[in-house]
Amino acid sequence: MRNFASSQPGLDCRLLSLCLLLFQPCSANAATSSERQPAKGESGRISAQAIRIEHAPTLDGTLNDPLWQSAKPVTEFRQREPHEGERPTEKTEVRILYSGHAVYFGIHCYDSEPSRIIATELRRDAVQDLDDHFEILIDSNHDRRGAYVFEVNPLGTQSDGLIVEEQGDANGGDFDRGWDGVWASEARITSDGWTATIEIPFTTLNFTHSSDVVWGLNLKRFIRRRNEEEASGALIGEPLVSLRSLKQES
């Protein structure tokens, strides 16, 4: 199973599935049911929406807080390993919210055999290759030259780092696990898989732009017992008037 921390493909391979979706922030109050449906964006890209909220959702590893249900989930994942391009063997849903201070991810990794979920690692920043886990990559500059990487396993254990093109060596290595960001995660194994909630403050992403912001986003799930990797990529943004006002509040 390929993993950013353990294998050394080039940066282009790691960010290969970026820019498949268009992520459009909007107000939770203004979003209607039809507006929350995925739609084709420019150049045929699928569109998804992030929902503006006034306060953080409950971050207890479950998606019981009704705020999570206000966001249409990202569900378009495809295998990268072992059968590239095929549909995943298990369903994954990711809901994305944002407030004046942070972006929030609600993750539901369905599993038809939850007793076979592998989750053993409790050490922060340990390589999670031997566990089921989920990765979020955020290219806040949208230049495909680097990204912030956030990993969580079904126990809520965190691992993070940076992909930085300039750090590449002769072997193509460009992952800096020495970077430690400030973020929060909780996760739980459930009767139908596992769920996780993640909060990433804008300050952790060095988010300083106030308008015309586009982020690259890559979402990846790993199912260890099947050596399965699946991914969904996205563009986050539009002319972000809403995020400009949010930053002024913070």
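What share of the contacts in the chain with a separation of 6 or more comes from residues 24 or more positions apart? The share is 66%. The model is predicted. Its chain of 250 residues contains three helices and 14 strands, and 54% of the residues count as buried. The points below cover the surface, one strand pairing, the salt bridges, and the polar contacts of T89, E229 and S232.

**Surface**

- The chain exposes about 10,900 Å², and carbon and sulfur atoms supply 47% of that area.
- L122, L155 and I189 make a nonpolar surface patch of about 290 Å².
- Within this patch, L122 belongs to the loop between β6 (102-110) and β7 (133-139).
- L122 has 67% relative accessibility and therefore counts as exposed, the cut-off being over 50%.

**Strands β11 and β12**

- Strand β11 covers residues 184-190 and strand β12 covers residues 193-201.
- The two strands pair in the antiparallel sense, with seven bridges between them.
- A hairpin of two residues joins β11 to β12.
- R188 has T195 as its bridge partner in β12.

**Salt bridges around R226**

- The structure holds 15 salt bridges.
- Side chains of opposite charge can pair when their charged atoms come close.
- One of the salt bridges is formed by R226 and E90, whose closest N and O atoms are 3.1 Å apart.
- This pair links distant parts of the chain, with the two positions 136 residues apart in sequence numbering: R226 is in the loop between β13 (213-223) and β14, and E90 is in the loop between β4 (78-81) and β5 (92-98).
- R226 counts as partly exposed because its relative accessibility is 27%, whereas E90, at 8%, counts as buried.
- R226 also meets E113 in a salt bridge, with an N to O distance of 3.7 Å.
- The pair of R226 and E113 again links distant parts of the chain, 113 residues apart, with E113 in the loop between β6 and β7.
- E113 is partly exposed, with a relative accessible area of 30%.
- Salt bridges that share partners join R226, E90 and E113 with D111, R116 and R225 into one network.

**Salt bridge between K91 and E93**

- The side chains of K91 and E93 meet in a salt bridge, at 3.8 Å from N to O.
- K91 is partly exposed, as its relative accessibility is 45%.
- E93 is buried, with a relative accessible area of 12%.

**Contacts of T89**

- T89 is placed in the loop between β4 and β5.
- With a relative accessible area of 42%, T89 is partly exposed.
- If neighbours within four places in sequence are left aside, T89 is in contact with Q79, I223, R226 and E228.
- Of these residues, Q79 is ten residues from T89 along the chain, and their C-alpha atoms are separated by 8.6 Å.
- The T89 side chain makes a polar contact of 2.8 Å with the side chain of R226.
- The side chains of T89 and E228 are joined by a polar contact of 2.7 Å.
- R226 thus has a polar contact with T89, a salt bridge with E90 and a salt bridge with E113.

**Buried polar residues in strand β14**

- Which strand holds S232? S232 is in β14, which spans residues 228-238.
- E229 lies in strand β14 as well.
- In a regular strand the side chains alternate between the two faces of the sheet.
- Is S232 buried or exposed? S232 counts as buried because its relative accessibility is 2%, and the cut-off is under 20%.
- The side chain of S232 reaches the backbone oxygen of E76 at a distance of 2.8 Å.
- E229 is buried, with a relative accessible area of 1%.
- The side chains of E229 and K220 are joined by a polar contact of 2.8 Å.

Notes:
Residues numbered from 1 in each chain as written. Predicted model: local features only at pLDDT ≥ 70, side-chain atom pairs only at ≥ 80, totals over all residues. Heavy atoms only, no water. Pairing = 2+ DSSP bridges. Helix = DSSP H or I, 4+ residues; strand = E, 2+ residues; numbered from the N terminus. Patch = residues over 30% accessible without salt bridge, like charges linked within 9 Å, V, L, I, M, F, W, Y side chains within 5 Å. Areas by Shrake-Rupley, 256 points an atom, 1.4 Å probe, with all protein chains shown as cover. Salt bridge = Lys/Arg side-chain N within 4 Å of Asp/Glu carboxyl O. Buried < 20%, exposed > 50% of the residue type's maximum accessible area, 1.4 Å probe, protein only. Polar contact = N/O pair within 3.5 Å; in protein donor to acceptor, adjacent residues only side chain to side chain. Contact = heavy atoms within 4.5 Å.
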